[in-house]
Amino acid sequence: MTSLDISDGALLVVALIAPKLRELGFSRKGVSFNRRRDEGIFHEISVFEAPRWMEGFGDVFLRFGCYVPETSTYIKTDTAPSYWVTNEACAIRASLPKEMGWPFDMPASPTSLAEIQSTLQQGLEVLDQLNDRLSLFEVVEKSDIFSSAIPKPVFDTCVVGQSGDQHTASSMIRQYFDSLEKPNEHADYVKKWARLHLRVDL
């Protein structure tokens, strides 16, 4: 989504949060903001407005994400994360507020502007803790707003596999696959992914 695709109200939200995010080291592209951390981890924040085909058309909310490069083979995305990370490419994600639609009226009033800033701060407080691979799921498990777009056993397999320990990665994904109920779409996807990216037949 570009700034040409959203309403004046959503653009106002972008303009409101941009100065704070710039101070915190985020770069901006359209309605999206990225901040690079150590070892290829990115933080992503974007303003999203529900399109016509989605329930809640016109609702606006903030999306937060944490991108981990090892998961790029598992999480399908049309973007090139090395250049710019989108929310769809992130392993850890949140949308605030939790319900579709802002808890204030648009166009924004002084009260709603404060609520936007409060919502941003709520997401940042969790996002600021997502700085290394070992702590990601510990933080998510304690959070009531962030969730994972990838099962933890698969995440761990991705990290171990990219480190070069193919034997351990193969054992990990076999153990996870054996624990899944079958048949189902997720198990089928894991099986195809393991064959393509780990050279493991499940």
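Is Arg199 buried or exposed? Let's start there this morning. Arg199 is exposed, with a relative accessible area of 66%. This residue lies in the segment after α6, and its phi is positive, about 60 degrees, although Arg199 is not a glycine. Please keep in mind throughout that what you see above is a predicted model.

Arg199 will come back at the end, alongside another residue with a positive phi. First, let me take you to helix α1.

Helix α1 covers residues 8-23, which is 16 residues. From its first C-alpha to its last, α1 reaches 24 Å, close to the 22 Å expected at 1.5 Å a residue. If you follow the helix on your screen, where does the kink lie in α1? The kink is at Ile17, it is about 35 degrees, and it comes shortly before the proline Pro19. Ile17 is also one of the buried residues of α1. The others in that buried set are Gly9, Ala10, Val13, Val14, Ala18 and Leu21. After the helix comes Gly25, with a positive phi near 95 degrees.

Now to the cysteines, since I expect somebody will ask. How many disulfides does a search of the whole structure find? The search finds 0. Take Cys90, which is in no disulfide: the nearest cysteine sulfur belongs to Cys66 and is 6.9 Å away. The cut-off for a disulfide here is 2.5 Å between sulfur atoms. Cys90 counts as buried, because its relative accessibility is 0%. Cys158 is buried too, at a relative accessible area of 4%.

On to charges. Side chains of opposite charge can pair when their charged atoms come close. Across the whole structure, the search turns up 7 salt bridges, and I'd like to walk you through a few.

The side chains of Glu39 and Arg133 form a salt bridge at 3.1 Å, N to O. This pair links distant parts of the chain, with the two positions 94 residues apart. Glu39 is in the loop between β2 (32-36) and β3 (42-49), while Arg133 is in the loop between α2 (110-127) and α3 (136-142). The two partners also sit in contrasting surroundings: Glu39 counts as exposed at 64% relative accessibility, whereas Arg133 counts as buried at 15%.

Arg133 has another partner. Its side chain meets that of Glu70 in a salt bridge of 2.9 Å, N to O. Glu70 lies in the loop between β4 (60-67) and β5 (92-96) and Arg133 in the loop between α2 and α3, so this pair ties together parts that are 63 residues apart in sequence. Glu70 is buried, with a relative accessible area of 14%.

For a more local example, look at helix α4, residues 152-162. There the side chains of Asp156 and Lys152 meet in a salt bridge, 2.9 Å from N to O. Why are these two separated by about one helical turn? Because they are 4 residues apart in the helix. Both ends of this bridge are partly exposed: Asp156 has a relative accessible area of 22%, and Lys152 has 36%. Back in the loops, salt bridges with shared partners join Glu39, Glu70 and Arg133 into one network.

Another arginine deserves a stop, and that is Arg63 in strand β4. Arg63 is buried, with a relative accessible area of 15%. What joins the side chains of Arg63 and Glu88? A polar contact of 3.3 Å does. Setting aside residues up to four places away in sequence, Arg63 touches Glu44, Ile45, Ser46, Phe48, Asn87, Glu88, Ala94 and Ser95.

Let me finish with some backbone details. The peptide bond from Lys182 to Pro183 is cis, with omega near 0 degrees. You'll find Pro183 in the loop between α5 (166-179) and α6 (185-198).

And here is the companion to Arg199 that I promised. Glu39, which we met in the loop between β2 and β3, has a positive phi of about 55 degrees although it is not a glycine. So at this loop position we have an exposed residue, at 64% relative accessibility, and its side chain reaches a salt bridge with Arg133.

That's my tour. I'm happy to turn the structure to any of these spots if you'd like another look.

Technical notes
Residues numbered from 1 in each chain as written. Predicted model: local features only at pLDDT ≥ 70, side-chain atom pairs only at ≥ 80, totals over all residues. Heavy atoms only, no water. Expected span 1.5 Å × (residues − 1). Bend = angle between axes of the 7 residues up to and from the residue. Buried < 20%, exposed > 50% of the residue type's maximum accessible area, 1.4 Å probe, protein only. Salt bridge = Lys/Arg side-chain N within 4 Å of Asp/Glu carboxyl O. Polar contact = N/O pair within 3.5 Å; in protein donor to acceptor, adjacent residues only side chain to side chain. Contact = heavy atoms within 4.5 Å.
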